[in-house]
Amino acid sequence: MTRFTAAELEAARDRLVPDVVADGLHVLFCGINPGLMTAATGHHFARPGNRFWPVLHLSGFTPRLLKPSEQQELLGYGLGITNVVARATARADELSAEEYREGGRQLALKVARLRPRWLAVVGVTAYRAAFDDKKAQVGPQERTIGDTRVWVLPNPSGLNAHWTAATMAEEFGRLRVAAETV
C-alpha cells in the first residue's frame, strides 16, 4: 500500500470519491463519508485498520478478501458502495447535523434511482443522523426507500471497539442471507 505524508492526506480533505454503483444491486453499502486515506487513494474503506473488506469476505459476500483497489469487482457480486456524505474528512465528527440530513436526502434519491434490493448503512449513529431515527438499532429497519429495504450494520472502523471482526461478520452474514432470499 502506498504511504502518504500527513500533508498529502490533508490535501485530500473535501475530495469526492466516486461511488461504486450500478442499477439493481443486491446490496448497496453506504459508509458515513470518505476518510482522508480513501480520498487520497480513490478507494473506499482504504484505511488499513478499517475492517470492511475482511468482514465482507468473512461474512460470505465475497469469495476472497478483496483489496480496496479491487472495489470495482464488487459490481460482479451485485454489491456497491456509496456514502451518506460525499466529502472527505479526517473524522466523521467533523460533519455537521445538516450535512448528515442533506446526505440522507441525497442518499434516498440515489437509492430510488438505482433500486438496490438492500441499502446497508455501516454505522448506526450515521443512520440515525441521516434519517432522523434516534431509536434505530443495528439490523433490518422498518423504513424502505421505494422497494429497497434498509439494514443498519456496525461501523467497520478500527475505532469501533464494541464489535469484533467476527461479530461484525455475523451481522453482515445475516444481511447476506436476507439479500439472497429475496
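**Helix packing and nonpolar cores in the predicted model**

In this predicted model, helix H4, spanning residues 97-114, and helix H5, spanning residues 124-131, have axes that come within 7 Å and cross at roughly 85°. The two helices, H4 and H5, are therefore roughly perpendicular to each other. On the H4 side the contact involves Tyr 100, Arg 101, Gly 104 and Leu 107, which meet Ala 126, Ala 129, Ala 130 and Phe 131 of H5. Classified by residue type, this contact of H4 with H5 comprises six nonpolar residues, one polar residue and one charged residue.

Helix H6 covers residues 165-180 and has 16 residues, with a reach of 22 Å from its first C-alpha to its last, close to the 22 Å expected at 1.5 Å a residue. Buried positions in H6 are Met 168, Ala 169, Glu 171, Phe 172, Gly 173, Leu 175, Ala 178 and Ala 179. These buried residues of H6 pack against one helix, H3 (52-58), and against the strands S1 (27-31), S3 (118-122), S4 (139-145) and S5 (148-153).

Helix H6 also contributes to the largest nonpolar core, which has 24 residues and in which Val 27, Phe 29, Phe 172 and Leu 175 are those with the most contacts inside the core. Two or more residues are given to this core by each of S1, H3, strand S2 (79-83), S3, S5 and H6, and the largest share, six residues, comes from H6. A second, separate core of 22 residues includes Leu 25, Leu 28, Val 85 and Val 150.

Within the largest core, Phe 29 was examined individually. Phe 29 lies in strand S1 and, at 0% relative accessibility, falls under the 20% limit and so counts as buried. When residues up to four places away in sequence are not counted, Phe 29 touches Phe 52, Leu 56, Phe 61, Leu 79, Gly 80, Ile 81, Thr 82, Ala 120, Leu 153, Phe 172 and Leu 175. Two of these partners, Phe 172 and Leu 175, are among the buried residues of H6. The C-alpha atom of Phe 29 is separated by 17 Å from that of Pro 63, a residue 34 residues apart from Phe 29 along the chain.

The loop between H3 and S2 contains Thr 62, which counts as buried because its relative accessibility is 4%. Apart from neighbours within four places in sequence, the residues in contact with Thr 62 are Leu 56, His 57, Leu 74, Tyr 77 and Leu 79. Leu 56 and Leu 79 also appear among the residues in contact with Phe 29.

Positive phi values in residues other than glycine were found in two further loops, at Phe 45 and at Arg 115. Phe 45, for which phi is near 50°, is placed in the loop between helix H2 (36-41) and H3, and with a relative accessible area of 13% this residue is buried. Arg 115, with a phi of about 55°, is located in the loop between H4 and S3. At 54% relative accessibility, Arg 115 lies over the 50% limit and therefore counts as exposed. Thus, of these two loop residues, Phe 45 is buried, whereas Arg 115 is exposed.

Conventions:
Residues are numbered from 1 along each chain as its sequence is written. This is a predicted model: local features need pLDDT of at least 70, side-chain atom pairs count only at pLDDT 80 or more; totals for chains, interfaces and linings use all residues. Side-chain values use heavy atoms; hydrogens and water are left out. Helices (H or I, at least four residues) and strands (E, at least two) are DSSP runs, numbered from the N terminus. The expected span of a helix is 1.5 Å times one less than its number of residues. Buried means under 20% relative accessible area, exposed over 50%, partly exposed in between (1.4 Å probe, protein chains only). Contact means heavy atoms within 4.5 Å. Axes are lines fitted to C-alpha atoms, for helices over the stretch in contact, and angles run from 0 to 180 degrees between N-to-C directions. Angles under 35 degrees count as roughly parallel, over 145 as roughly antiparallel, 65 to 115 as roughly perpendicular and the rest as oblique. Ala, Val, Leu, Ile, Met, Phe, Trp, Tyr, Cys and Pro count as nonpolar, Asp, Glu, Lys and Arg as charged, and the others, Gly among them, as polar. A nonpolar core is a set of buried Ala, Val, Leu, Ile, Met, Phe, Trp, Tyr and Cys residues joined through side-chain atoms within 4.5 Å.
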